[in-house]
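Good morning, everyone, and thank you for making room for this short talk. Please have the sequence and the model open, and we will go through a few regions together.

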Amino acid sequence: ALSPAQHDQTLFEERHLRYISPLGKGNFGSVELCRYDPLGDNTGELVAVKKLQPNKQSTLKDFQKEVNTLSVMHCDYIVKYRGVCYSMGRLSMSLVMEYLPYGSLIGYLESNGHKVNTRRLILFASQICKGMEYLQTLRYVHRDLAARNILVASESLVKIADFGLTKIIPSDKEYYRVTQPGESPIFWYAPESLNESKFSHKSDVWSFGVVLHELFSYCDMSSNPKRLCMQEIGHIVQGPSISMHLANILKNNWRLPAPPKCPPKVCSQYLVQLYR
Ligand SMILES: COc1ccc(-c2cccc3nc(Nc4ccc(N5CCN(C)CC5)cc4)nn23)cc1
């Protein structure tokens, strides 16, 4: 008879997890393509395995929170949790997720942009919206919504990934205030996040507006949000004062310029910020 552990589909045994290739690295650790092949006949499922590299930024506790966050998500527009793999006798753990073959939205649009029309971009934007709407029903704030954290499952389906910075809003408050975190994606931050480290569904809406800009720029490197903001701020500025300068130009109503060929009805960076 199978032991309880063997019944647990979310427990992946390290000995059956066969490394195939690297998928990406972040300040958290790395993500690898593996095949979970308990039968040893290459019929096993391809999975994306996020290995934790505990460093000053991310601890096992943070990683455990990310795993718990993803494990309660059941939404077509959020990357699916498959389970965990413990190694070094529970001293280290990896997060096992479904593998999305087309990779990150940035890479996909860079190499397939020519065959992605406005209708398709709007479909992707609406799917990201539905994923964010689902997060909001669970009172989650993503805090790192950006094209780099959107994955492409198929030519007509994208999913939100990477819940490393996601926080639950306390039931008695409308926002989450953080102590200054490490690597901050400040060019996707709303003014209140820059000025007061406040994060809410509204600040996620702001970041969605930046994602719209990325989508309709086809994630072109020359017009990425960081580059355009730094051009406006002036490259002379260095270090922590960048977020202060960014808050300033936003206060003076500078916004990311509408991407070339962006259909007027979509140029809703402003609409998005209206609805915040
Ligand atoms: C920061 O790096 C990553 C990398 C992978 C993931 C991740 C999480 C959860 C599911 C998942 N599926 C895929 N698929 C995927 C496919 C292809 C590629 N690339 C293929 C082409 N290469 C040159 C770059 C990687 C990257 C990811 N990546 N992925 C998240 C962050």
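Let me begin with a question: which residue in strand 8 does Leu 151 stand opposite? Leu 151 stands opposite Lys 159. Before I go on, I should say that this is a predicted model, in which local features need pLDDT of at least 70 and side-chain atom pairs count only at pLDDT 80 or more, while totals for chains, interfaces and linings use all residues. Residues are numbered from 1 along each chain as its sequence is written, and side-chain values use heavy atoms, with hydrogens and water left out.

Some vocabulary will help with the strands. Helices (H or I, at least four residues) and strands (E, at least two) are DSSP runs, numbered from the N terminus, and two strands pair if DSSP finds at least two bridges between them. Strand 7, residues 150-154, and strand 8, residues 157-160, pair in the antiparallel sense over four bridges, and they form a hairpin with two residues between them.

That hairpin brings us to helix 3, residues 105-112, whose buried residues are Leu 105, Tyr 108, Leu 109 and Asn 112. These four cover an arc of only 90 degrees around the axis, which puts them on the same side of helix 3; the arc is that of the directions from the helix axis to the C-beta atoms. Buried here means under 20% relative accessible area, exposed means over 50%, and partly exposed is in between, with a 1.4 Å probe and protein chains only. As background, an α-helix has 3.6 residues a turn, so residues three or four places apart point the same way. The buried residues of helix 3 pack against helix 4, strand 7, strand 8 and helix 6, where contact means heavy atoms within 4.5 Å.

Let us turn to strand 5, residues 92-98. Seven of the seven residues of strand 5 are buried, so this strand is largely enclosed by the rest of the structure. Strand 3, residues 45-52, pairs with strand 5 in the antiparallel sense over five bridges, and within strand 5 it is Val 96 that Val 49 stands opposite. Strand 4, residues 81-87, also pairs with strand 5 in the antiparallel sense, over six bridges, and the bridge partner of Tyr 81 in strand 5 is Met 97. Strand 4 and strand 5 form a hairpin with four residues between them, and Met 88 in the turn has a positive phi of about 50 degrees.

Which residues, then, are closest to the ligand? Among the 13 residues that surround the ligand, the closest are Gly 24, Glu 98, Tyr 99, Leu 100 and Gly 103, a residue being near if one of its heavy atoms lies within 4 Å. Taken alone the ligand exposes 630 Å², and the protein buries 64% of that, with areas computed by the Shrake-Rupley method and a 1.4 Å probe. Strand 1 and strand 5 are the elements that give two or more residues to this shell, and strand 1 gives the most, with three residues. A nitrogen atom of the ligand is 2.6 Å from a polar backbone atom of Leu 100.

My next stop is Arg 143, in the loop between strand 6 and strand 7. Is Arg 143 buried or exposed? Arg 143 counts as buried, because its relative accessibility is 4%. The side chain of Arg 143 reaches the backbone oxygen of Leu 165 at 2.8 Å. Arg 143 and Lys 167 are 24 residues apart in sequence and 7.6 Å apart in space, C-alpha to C-alpha.

Backbone angles deserve a word too. Most residues other than glycine have a negative phi, and most peptide bonds are trans. Phi of Arg 143 is near 75 degrees, a positive value in a residue other than glycine, and phi of Asp 162 is near 65 degrees, likewise positive in a residue other than glycine. Asp 162 is found in the loop between strand 8 and strand 9, and with a relative accessible area of 22% it is partly exposed.

I will finish with helix 7, residues 225-233, in which Pro 225, Leu 228, Cys 229, Met 230 and Ile 233 are buried. These buried residues pack against helix 6 and helix 8. Just after helix 7, Gly 234 takes a positive phi of about 100 degrees.

Definitions and conventions: Polar contact = N/O pair within 3.5 Å; in protein donor to acceptor, adjacent residues only side chain to side chain.
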